[in-house]
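Here are some worked exercises on reading a protein fold. Have a go at each task before you look at its solution.

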Amino acid sequence: MRQLVVIPLVFSLAIILLLSSNANAHNITRILAKHPGFSTFNHYLSVTHLADEINRRRTITVLAIDNGGMQSLLDKHLSISTLKNVLSLHVLVDYFGAKKLHQITNGTTLVSSVFQATGSAAGTAGYVNITNLKGGKVGFGAEDNDGSLHSFYVKSIDEISYDISVLQISQPLSSADAEAPTAAPSAIDLISIMSKQGCKAFADLLRVSKALPTFQENVDGGLTVFCPTDSAVNGFIPKYKNLTDAQKVSLLLYHGIPVYQSLQMLKSNNGVVNTLATEGANKYDFTVQNNGEDVKLQTKIVTASIVGTLIDQDPFVAYKINKVLLPRELFKVSDVEAPAESPKPAGKKKGSKKGKQAAADAPADGPAADEEASDQKAADDNSGAKEGVRFMMMLFLSLFIGILLL
């Protein structure tokens with residue numbers, strides 16, 4: 001009888017360990033480190049920060065190039081930013097294991113690549129043509145190269161079903177669009193990139209603002225921008241119009257941080273970050289907090305989520321977020337709770353100097369210190385509670401299966 005109890009418990013423990021190991025995800029650097037013949041490819045995935053992009057994604061295929069193939073690519077003397085575009089064409093945002101390659105519907109398919117997320121891909125550039133040929137041969141070609149199949153499947157290097165597949169192809173994919181000279185970071189047109197990637201409303205506000213030069217001046221040294229979607233900005237416009245010119249500048253600067261932060265870096269470095277609006281006693285900071293693959297930005301007034309990447313070209317990266325970030329220096333919680341009312345920007349009250357100081361110290365401009373501490377504790381408790389619930393669900397599931405085996 002004791003053995004009958006022990007067996008399901010051991011089985012339950014195995015399930016918990018399996019589920020826990022799946023949460024650790026994949027690491028392309030470690031996968032390729034086991035194959036010295038791909039050391040150059042592995043090295044440049046890290047140099048271009050594509051490794052971070054690959055590791056954060058799920059359901060992805062990496063078309064790996066051996067050292068010989070990489071040398072032919074390096075002989076073109078491409079800049080690092082251009083090389084990143086070329087290599088990102090070799091990272092497909094869908095899963096293709098060796099078996100699936102030979103089961104493609106109608107024998108051919110177009111697959112989107114990470115190159116499209118650079119903000120540089122135009123038209124069909126960024127799509128890869130995969131065709132299952134006769135005799136078990138599979139060809140690959142960049143769609144902007146007329147879909148010409150100039151590279152072929154060699155072997156599977158590693159596969160984690162429906163998560164990541166690393167396949168060797170015979171030579172690098174050729175794409176004139178990906179190999180086109182890339183603008184230096186300081187020459188990047190921030191407004192153009194935002195406008196064509198679903199953030200035109202925010203770009204239009206920035207275009208006519210005195211905040212724009214600050215964004216442009218920080219590109220060379222490192223800049224991360226969080227662009228609210230058009231729908232988020234359009235809904236916020238009535239509140240924006242009620243701000244003073246100086247407050248509008250601060251609000252726009254609040255959407256940028258003066259360092260390069262890839263998505264993987266944001267996930268691993270949770271905590272408070274300063275923004276372009278931070279100056280002296282003016283905090284204008286917010287908290288980065290991730291929950292699995294989701295990265296959230298918490299301002300004490302609103303919590304926004306990163307919903308996409310507009311461009312990731314070290315030292316500049318721009319993300320799309322689903323809400324306008326509201327700093328506690330300009331807004332209060334009631335501004336969000338009652339959207340029909342326009343915000344009453346701080347600093348517009350008339351009266352004595354003493355009265356102005358009292359208004360500046362009033363909690364309406366943002367949560368008091370003890371309230372902030374309380375909010376942070378609640379957030380931490382909530383995060384811990386979620387982890388506890390997740391673990392208990394795993395435990396009960398495994399125990400239930402164990403009982404069924406009795």
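**Exercise 1. Work out the strand order of the open sheet that contains S9 and S10, and find its edges.**

Step 1. In this predicted model, the sheet has 7 strands in the order S9-S8-S14-S13-S12-S11-S10, and the pairing is mixed.

Step 2. Now look at the ends. Strand S9 (256-257) and strand S10 (271-274) each have a single partner strand, so one side of each has no neighbour in the sheet.

Step 3. Take the S10 edge. S10 pairs with strand S11 (residues 285-291) in the antiparallel sense, over 4 bridges. To find the register, look for Val 272, which stands opposite Thr 287 in S11.

Step 4. Take the S9 edge. S9 pairs with S8 in the antiparallel sense over 2 bridges, and Thr 224 has Ile 257 in S9 as its bridge partner.

**Exercise 2. Is S8 mostly covered or mostly open, and which residues are on each face?**

Step 1. Count the buried residues: 6 of the 6 residues of S8 are buried, so the strand is mostly covered.

Step 2. Split them by face. Leu 223, Val 225 and Cys 227 are on one side, with Thr 224, Phe 226 and Pro 228 on the other, and both faces are covered.

Step 3. Add the pairing with strand S14 (residues 316-321). S8 and S14 run parallel and are joined by 6 bridges, with Val 225 opposite Ala 318 in S14.

Step 4. Check a helix that packs against S8. The buried residues of helix H10 (residues 200-207) are Ala 201, Phe 202, Ala 203, Leu 205 and Leu 206. They pack against S8 (223-228), and also against helix H9 (190-195), helix H11 (212-218), helix H12 (230-241) and helix H13 (245-253).

**Exercise 3. Do the same for the open sheet that contains S2 and S3: what is the strand order, and which strands are at the edges?**

Step 1. Write down the order: S2-S1-S7-S6-S5-S4-S3, which makes 7 strands with mixed pairing.

Step 2. Pick out the edges. S2 and strand S3 (108-112) are the edge strands, each pairing on one side only.

Step 3. Zoom in on one pair. Strand S6 (residues 151-160) and strand S7 (residues 164-169) run antiparallel, joined by 6 bridges. Glu 159 has Ser 165 in S7 as its bridge partner.

**Exercise 4. Describe how H6 packs against H5 and against H3.**

Step 1. Decide what to report. Two packed helices are described by the angle between their axes and the distance between the axes.

Step 2. Start with helix H5 (residues 67-74) and helix H6 (residues 80-88). Their angle is about 135 degrees and their axes are 12 Å apart. That makes H5 oblique to H6, and the crossing is right-handed.

Step 3. List who touches whom. Met 70, Leu 73 and Leu 74 of H5 meet Leu 83, Val 86 and Leu 87 of H6. By class, that contact has 6 nonpolar, no polar and no charged residues.

Step 4. Move on to H3. H3 and H6 pack at about 115 degrees, with their axes 10 Å apart. The class for 65 to 115 degrees is roughly perpendicular, and H3 is indeed roughly perpendicular to H6. This crossing is left-handed.

Step 5. List this contact too. Phe 41, Tyr 44 and Val 47 of H3 touch Ile 80, Leu 83 and Leu 87 of H6. The residues divide into 6 nonpolar, no polar and no charged.

**Exercise 5. How many residues of H6 are buried, and what covers them?**

Step 1. Count: 8 of the 9 residues are buried, so H6 is largely enclosed by the rest of the structure.

Step 2. Name the buried ones: Ser 81, Thr 82, Leu 83, Lys 84, Asn 85, Val 86, Leu 87 and Ser 88.

Step 3. Find the cover. It includes helix H3 (39-47), helix H4 (50-56), H5, strand S2 (91-92), helix H8 (176-179) and strand S13 (303-313).

**Exercise 6. Is Asp 335 buried or exposed?**

Step 1. Locate it: Asp 335 lies in helix H15 (residues 333-337).

Step 2. Apply the cut-off. Buried means under 20% relative accessible area, and Asp 335 counts as buried because its relative accessibility is 8%.

Step 3. Compare sequence with space. Asp 335 and Lys 239 are 96 residues apart in sequence and 8.9 Å apart in space, C-alpha to C-alpha.

Terms used: Residues numbered from 1 in each chain as written. Predicted model: local features only at pLDDT ≥ 70, side-chain atom pairs only at ≥ 80, totals over all residues. Heavy atoms only, no water. Axes fitted to C-alpha atoms, helices over the stretch in contact; angles between N-to-C directions. Parallel < 35°, antiparallel > 145°, perpendicular 65-115°, else oblique. Left-handed = near helix turned anticlockwise from the far one by under 90°. Contact = heavy atoms within 4.5 Å. Nonpolar A, V, L, I, M, F, W, Y, C, P; charged D, E, K, R; others polar. Pairing = 2+ DSSP bridges. Buried < 20%, exposed > 50% of the residue type's maximum accessible area, 1.4 Å probe, protein only.
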